[in-house]
Amino acid sequence: MVYPTRLTHGPAMGTYSAGDRLPMKGNPTISRADVAAFMHQAAHGTEWINRAAVISD
């Protein structure tokens, strides 16, 4: 499972944070392109098997 913060239509920045829990302030955002890149990486690796990720810029 991937739980992104508020999604935007912006371009991929390539710099995002992912973790089981993330400290957040305000109204964090992340681009759909960055979420897609993270999901692609997670699907081809072993780090996120059986774990849920919170992802944000």
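## Contacts and burial in a predicted 57-residue model

Ser-17, apart from its neighbours within four places in sequence, is in contact (heavy atoms within 4.5 Å) with Leu-22, Val-54, Ile-55 and Ser-56. This is a predicted model, in which local features need pLDDT of at least 70, side-chain atom pairs count only at pLDDT 80 or more, and totals for chains, interfaces and linings use all residues. Residues are numbered from 1 along each chain as its sequence is written, and side-chain values use heavy atoms, with hydrogens and water left out.

Ser-17 belongs to strand β3 (residues 17-19). Helices (H or I, at least four residues) and strands (E, at least two) are DSSP runs, numbered from the N terminus. With a relative accessible area of 37%, Ser-17 is partly exposed. On this scale, buried means under 20% relative accessible area, exposed over 50%, and partly exposed in between, with a 1.4 Å probe and protein chains only. The C-alpha atoms of Ser-17 and Ile-55 are 5.6 Å apart, although 38 residues separate the two in sequence.

**Overall fold**

The protein has 1 helix and 5 strands, and from the N terminus the order of elements is β-β-β-β-α-β. Its radius of gyration, taken over C-alpha atoms, is 11 Å, which agrees with the value near 10 Å for a compact globule of 57 residues. The globule rule is 2.2 Å times the number of residues to the power 0.38. Along the principal axes, the C-alpha atoms fill a box of roughly 30 × 25 × 15 Å.

Among contacts with a separation of 6 or more, 62% join residues 24 or more positions apart. Of the 57 residues, 25% count as buried. The exposed area is about 4,000 Å², and carbon and sulfur atoms supply 57% of it; accessible areas come from the Shrake-Rupley method with a 1.4 Å probe, and for residues only the protein chains shown count as cover.

The charged side chains comprise 5 positive and 4 negative, and the centres of the two sets lie 9 Å apart. Lys and Arg count as positive and Asp and Glu as negative, while His and the chain ends are not counted. Each charge is placed at NZ of Lys, CZ of Arg, CG of Asp or CD of Glu.

**The nonpolar core**

A nonpolar core is a set of buried Ala, Val, Leu, Ile, Met, Phe, Trp, Tyr and Cys residues joined through side-chain atoms within 4.5 Å. The largest one has 7 residues: Ile-30, Val-35, Phe-38, Ala-42, Trp-48, Ala-53 and Ile-55. Both α1 and β5 supply at least two residues each to this core, and the largest share, 3 residues, comes from α1.

Val-35 lies in helix α1 and counts as buried because its relative accessibility is 8%. Beyond four places in sequence, Val-35 is in contact with Val-2, Pro-4, Leu-7, Ile-30 and Ile-55. Ile-55, with residues up to four places away again not counted, touches residues including Val-2, Tyr-3, Tyr-16, Ser-17, Leu-22, Asp-34 and Phe-38.

Ser-56 is found in strand β5 and is buried, with a relative accessible area of 4%. Outside its neighbours within four places, the contacts of Ser-56 are Thr-5, Tyr-16, Ser-17, Leu-22, Pro-28, Thr-29 and Ile-30.

**The loop between α1 and β5**

Thr-46 is found in the loop between α1 (32-43) and β5 (53-56); at 64% relative accessibility, Thr-46 counts as exposed. Asn-50 is found in the loop between α1 and β5, and at 80% relative accessibility Asn-50 counts as exposed. The phi angle of Asn-50 is near 60 degrees, a positive value in a residue other than glycine.

**Selected separations**

The table gives C-alpha to C-alpha distances for residue pairs that involve Thr-46, Val-35 and Ser-56.

| Pair | Separation in sequence | Distance in space |
|---|---|---|
| Thr-46 and Arg-21 | 25 residues | 18 Å |
| Val-35 and Asn-50 | 15 residues | 18 Å |
| Ser-56 and Gly-26 | 30 residues | 12 Å |
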